[in-house]
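Here's a quick briefing on the chain you're about to load. Have a look at the fold yourself before reading on.

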Amino acid sequence: MLIMENNTTIPKLTVILDDVRSIYNVGSAFRTADAVGVGEIVLAGFTPGPDTHPERIQKTALGAQQSVPWRRVKRVGDAIRRLRSAGAMIVALETGEASVDYRAFKPLWPLVVVVGNEVKGVSTRLLRSRRRITTGLRRDASQSGTTLCNVGYTSHNVVDLIVQI
């Protein structure tokens with residue numbers, strides 16, 4: 001844990017879900033976070049959550065939303081700036097030219113993993129700003145940016161691998 005100026009702490013691993021539209025992917029993220037010990041989930045944009053769809057999240061997260069700390073933010077950029085200024089490494093789970101193979105990725109702690117929309121990915125505004133997103137993660141160097149994977153499945157695999165490091 002990292003102590004911030006206002007005596008709040010940053011978990012070793014935080015996952016930000018930004019504009020993830022599927023409640024099933026959100027539920028999967030909560031279950032994965034619970035299984036591997038993610039310290040916090042941050043919900044941003046129109047991502048559904050326990051505050052907006054409590055009954056549906058209960059069906060998909062199977063109670064993990066009660067054991068994993070979470071919060072909602074209005075602006076993902078503000079949350080990322082706050083975490084970065086406290087010393088967290090920010091990475092985006094995204095494909096693209098600047099992406100690195102997640103199996104070769106060496107995290108610095110505390111770490112924040114940003115997961116974007118299932119169709120559009122992490123917003124280009126966040127990806128363009130090198131000060132906000134330092135590393136992209138992808139499966140392998142031959143993969144194009146248009147390849148779509150299940151957000152829940154991919155997030156689970158990457159977060160699980162990072163936690164094992």
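What follows goes through the overall make-up, the strands, the core, two helices and a few backbone oddities.

Keep in mind that this is a predicted model. The chain has six helices and nine strands, and 51% of its 165 residues count as buried.

**Overall numbers**

- The accessible surface of the chain comes to about 8,800 Å², and carbon and sulfur atoms account for 53% of that surface.
- If you look at contacts between residues at least 6 apart in sequence, 76% of them join residues at least 24 apart.

**Strands in the middle of things**

- S4 (40–44) has five of its five residues buried, so the rest of the structure largely encloses this strand.
- Cover comes on both faces of S4: Glu40, Val42 and Ala44 are buried on one side, and Ile41 and Leu43 on the other.
- In a regular strand, side chains alternate between the two faces of the sheet.
- S4 has S3 as a parallel partner, with five bridges between them, and Leu17 stands opposite Leu43 in this pairing.
- To get from S3 to S4 the chain passes through H1, and this β-α-β crossover is right-handed.
- S4 also runs parallel to S5 (residues 70–73), joined by four bridges; here Ile41 stands opposite Trp70.
- S6 (residues 89–93) tells a similar story: five of its five residues are buried, so it too is largely enclosed by the rest of the structure.
- Met89, Val91 and Leu93 are buried on one side of S6, while Ile90 and Ala92 are buried on the other.
- S6 and S8 run parallel and are joined by five bridges, with Val91 of S6 having Val113 of S8 as its bridge partner.

**Nonpolar cores**

- In soluble globular proteins, nonpolar side chains tend to be buried together.
- The largest nonpolar core in this chain holds 26 residues, and Leu17, Leu111 and Val113 touch the most other members.
- Elements that each supply at least two residues of this core are S3, H1, S4, H2, S6, S8 and H6 (151–164).
- H1 is the top contributor to this core, with six residues.
- Another core, of 17 residues, lies apart from it, and among its members are Ala44, Val73, Ile80 and Ile90.
- Who does Leu111 contact, leaving aside its neighbours within four places in sequence? The list is Lys12, Leu13, Thr14, Met89, Val91, Phe105 and Ile162.

**Two helices with a buried side**

- In H4 (residues 76–85), the buried residues are Val76, Gly77, Ala79, Ile80 and Leu83.
- Viewed down the axis of H4, these buried residues fall within an arc of 160°, so they line one face of the helix.
- An α-helix has 3.6 residues a turn, so residues three or four places apart point the same way.
- In H2 (54–61), the buried residues are Ile57, Thr60 and Ala61.
- Those H2 residues cover an arc of only 85° around the axis, which puts them on the same side of the helix.
- They pack against H1 and H3, whereas Glu55 and Lys59 are exposed on the other side of H2.

**Backbone details to check**

- Leu62 comes just after H2 and takes a positive phi of about 55°, in the loop between H2 and H3 (64–67).
- Is Leu62 buried or exposed? With a relative accessible area of 62%, Leu62 is exposed, given that the cut-off for exposed is over 50%.
- Asp19 is another residue other than glycine with a positive phi, near 60°, and its place is the loop between S3 (13–18) and H1 (23–36).
- Asp19 counts as partly exposed, at 25% relative accessibility.
- Gly87, just after H4, has a positive phi of about 105°.
- The peptide bond joining Trp109 and Pro110 is cis, with omega about 0°.
- Pro110 lies in the loop between S7 (99–101) and S8 (111–115).

How values were computed: Residues are numbered from 1 along each chain as its sequence is written. This is a predicted model: local features need pLDDT of at least 70, side-chain atom pairs count only at pLDDT 80 or more; totals for chains, interfaces and linings use all residues. Side-chain values use heavy atoms; hydrogens and water are left out. Buried means under 20% relative accessible area, exposed over 50%, partly exposed in between (1.4 Å probe, protein chains only). The arc is that of the directions from the helix axis to the C-beta atoms. Contact means heavy atoms within 4.5 Å. Accessible areas come from the Shrake-Rupley method with a 1.4 Å probe; for residues, only the protein chains shown count as cover. Two strands pair if DSSP finds at least two bridges between them. A nonpolar core is a set of buried Ala, Val, Leu, Ile, Met, Phe, Trp, Tyr and Cys residues joined through side-chain atoms within 4.5 Å. A crossover is right-handed if, with the strands pointing away from the viewer, the path from the first strand over the helix to the second runs clockwise.
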